[in-house]
Amino acid sequence: MNTGLGTSATYVESGDFNMDGRVDLIATGSSNTYLLAGNGNGTFQSPKSIGGPGIALRAADLNNDGKLDLLILSGQSFQVLLGNGDGTFQPPKTFGQGTTYSEMVLKDFNGDGKLDVAAMNNGGNVSVFAGKGDGSFEPRVTYIVGAPGSHLANGDVNNDGAVDLVVSRPAPYSDLVLVLNRRGISTAMTSSPNPSTANQPVTLTATVSASVRGSGTPTGTVMFQEGTTVLGTAA
Ligand SMILES: [Ca+2]
Ligand SMILES: [Ca+2]
Ligand SMILES: [Ca+2]
């Protein structure tokens, strides 16, 4: 199919952006981002420029108003274009400046019902931006991968219901780095005194905090166990 785009698209998303019941296409590339309104019969209207260049694109309702919005990864930053529901978009809002990105994943990582962005950058890190549910995002929280990755995948690898990230690193590493999702919760464990001697009373401290900004105050129970013997529980 020739869409008459006149440029090569690096990423294409589909959805009903003008809410006429027909599937439309959004294509982004090195020159611009275009909307191709669907005619409902497999053909599309002429491309209409709606935003700047991008290397990746996601369409989702980021502000929960029932209208599809766009997230454009432009390499050095992200642009959010909130949809008006008629095929037009509000002026872009930029976030995540300060590094060079290569890939992104749009998922609800901290389980608050709002879509978040995870992005891989060429500094060897993955940054997570917690979504506020209004089309804006919290500042990045960065996870060190150790080397620039070649691909960013996602899935619940440990079957705890939270989406994890997997970064593949090219040679000389040729491996996968797993970024396990604790649903925005991080737990730090200390014991005092440390080291301790036999029969000496030891205080165990678990500090539970939010690891993703904007994910709220963690709730739940901490249980200390020796083998299967419960030493103590705190809520
Ligand atoms: Ca449409
Ligand atoms: Ca929306
Ligand atoms: Ca979220």
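## Strand β3 and its partners

In strand β4, G51 is the bridge partner of T33. The model is predicted: local features require pLDDT of at least 70 and side-chain atom pairs count only at pLDDT 80 or more, while totals for chains, interfaces and linings use all residues. Residues are numbered from 1 along each chain as its sequence is written.

Strands β3 (residues 33–36) and β4 (residues 48–51) run antiparallel and are joined by three bridges; strands are DSSP runs of E with at least two residues, numbered from the N terminus, and two strands pair if DSSP finds at least two bridges between them. Strand β2 (residues 24–29) also pairs with β3 in the antiparallel sense, over four bridges. L36 in β3 is the bridge partner of L25, and T28 stands opposite T33. A hairpin of three residues joins β2 to β3.

## The sheet

The four strands form an open sheet in the order β1-β2-β3-β4, with antiparallel pairing. β1 (9–15) and β4 are the edge strands, each pairing on one side only.

## Burial and the nonpolar core

Both faces of β3 are covered: T33 and L35 on one side, and Y34 and L36 on the other, are all buried (20 or more other C-beta atoms within 10 Å of the residue's own, with C-beta atoms placed from the backbone).

The largest nonpolar core (buried Ala, Val, Leu, Ile, Met, Phe, Trp, Tyr and Cys residues joined through C-beta atoms within 7 Å) has 44 residues. I26, L70, M104, V117, A118 and V126 have the most contacts inside this core. Leaving aside neighbours within four places in sequence, L70 is in contact (C-beta atoms, placed from the backbone, within 7 Å) with I26, G51, L57, A59, L81, G83 and F89.

Definitions and conventions: Chains lettered and ligands numbered in written order. Buried ≥ 20, exposed ≤ 12 C-beta atoms within 10 Å, placed from the backbone. Contact = placed C-beta atoms within 7 Å.
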